[in-house]
Number of protein chains: 2
Amino acid sequence: MNEYAPPLGRLIEELKRIPGVGGKSAQRMAFHLLAGNQDDADRLAEAIRDLKKNLFHCSVCNNITQADPCAYCTDPNRSDEILCVVEEPFHIAAIEKSGVYHGRYHVLLGALAPLKGIGPENLRLDKIERRLKTGRFKEIIIATNPTSEGEATSHFLVKTLQAYNTRFTRLAMGLPVGSDIDFADQVTVRKAVEGRTELTD
Amino acid sequence: MNEYAPPLGRLIEELKRIPGVGGKSAQRMAFHLLAGNQDDADRLAEAIRDLKKNLFHCSVCNNITQADPCAYCTDPNRSDEILCVVEEPFHIAAIEKSGVYHGRYHVLLGALAPLKGIGPENLRLDKIERRLKTGRFKEIIIATNPTSEGEATSHFLVKTLQAYNTRFTRLAMGLPVGSDIDFADQVTVRKAVEGRTELTD
């Protein structure tokens, strides 16, 4: 039986379909909106409705954008000699926040995941191949996730794209800054030992 | 006023002095012991009482040991040409579990922490200097934590010990294996970009 009046119950059910929103959170959000004023609710509803209308994938790099090509592809202050390949559009933000990368991006929109049925044929590489053919990239940073799927994707990319004679690099794996060695899993500690860097005074 | 009979209250107070044990946990542990049999309680009490009696620091590396020198210092199958310097004895276990390190260890028993009043004079380096003088180490891996204190300690060690003409390396900082780039803090992503490694097919 429904515990809520239908309009409330319907919103709670819709909110619960968002990953990471459980029953309790959905309920709290719904009651918050119910207690607020109609204008706020209208603005949120409009923002949700218009989200997909005004955004699409960049025709160059697959980033989510409102203008095509996206801001990263058209920025004249970014280097055309280095390309950073990520799995998803939100990974661009993570790398931008680090403040050390000033090249171009390419979004794969996924990673190889045989268990989920995502094989090499699903990762459409024609776009990136076209960029490598016509561009002048000297280094490709493969910034797929440090997971088995990201690693498999990295190997596949190097194998497929090696004909373009660029240098391929991978984001360092190791201890997260500010953490304690004791809290790191053994595979991370292994990567940290294997990837140890030279220290000079 | 005391909510508990004095023997129970006293145990709860003693347990609460252990870092990470709050009032609720202490209470739960105390009531668990109270409900159990006397033999179990005696064995735990004995183990606690004898802990410090039977363990001391290795005279060579400062590890916690029951035999001096400790097992890592005497193991003939470990290399005498590489030394891994850690902050605390339990960091040895973290590195051992990674399975890739087969040299010797040295435990600093702390790190530089000016805010806590731990300066260079508190990090007694005479033991490690003696080892470098008499040993034949070719590489010192500085495996202090990837924190500001661990970093400061690393710089200090390289500066102080550079006269011994060995190679100094540092555990890699970067993305923890199995994680998502999106969850990494910006300093870690910066280290991962800066420390990126070459990929070959």
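**Helix packing, cis prolines and positive phi**

Q: What do the buried residues of α8(B) pack against?
A: The buried residues of α8(B) pack against α5 (89–98) of chain A, where contact means heavy atoms within 4.5 Å. Helices are DSSP runs of H or I of at least four residues, strands runs of E of at least two, both numbered from the N terminus. This is a predicted model, in which local features need pLDDT of at least 70 and side-chain atom pairs count only at pLDDT 80 or more, whereas totals for chains, interfaces and linings use all residues. Residues are numbered from 1 along each chain as its sequence is written, chains are lettered from A and ligands numbered from 1 in the order in which they are written, and side-chain values use heavy atoms, leaving out hydrogens and water.

Q: Which residues of helix α8 of chain B are buried?
A: In α8 (residues 186–194) of chain B, these are B:Thr188, B:Val189, B:Ala192 and B:Val193. Down the axis of α8(B), their directions fall within an arc of 135 degrees, so the buried residues line one face of the helix.

Q: Why is B:Asn62 called buried or exposed?
A: Buried means under 20% relative accessible area, exposed over 50%, and partly exposed in between (1.4 Å probe, protein chains only). B:Asn62 has 10%, so this residue is buried. It lies in the loop between β1 (56–57) and β2 of chain B and has a positive phi of about 75 degrees although it is not a glycine.

Q: Why is A:Asn165 called buried or exposed?
A: The relative accessibility of A:Asn165 is 72%, so this residue is exposed. A:Asn165 sits in the loop between α7 (148–161) and β6 (167–170) of chain A, with a positive phi near 55 degrees.

Q: How do α1(A) and α2(A) lie to each other, and why is that word used?
A: Helix α1 (residues 6–16) and helix α2 (residues 23–35) of chain A pack at about 130 degrees, with axes 9 Å apart. Angles under 35 degrees count as roughly parallel, over 145 as roughly antiparallel, 65 to 115 as roughly perpendicular and the rest as oblique. The two helices are therefore oblique.

Q: What is the peptide bond from A:Asp68 to A:Pro69, cis or trans?
A: This bond is cis, with omega near -5 degrees. A:Pro69 lies in the loop between β2 (64–65) and α4 (71–74) of chain A. In chain B, the bond from B:Asp68 to B:Pro69 is cis, with omega near -5 degrees. Most peptide bonds are trans.

Definitions and conventions. Axes are lines fitted to C-alpha atoms, for helices over the stretch in contact, and angles run from 0 to 180 degrees between N-to-C directions. The arc is that of the directions from the helix axis to the C-beta atoms.
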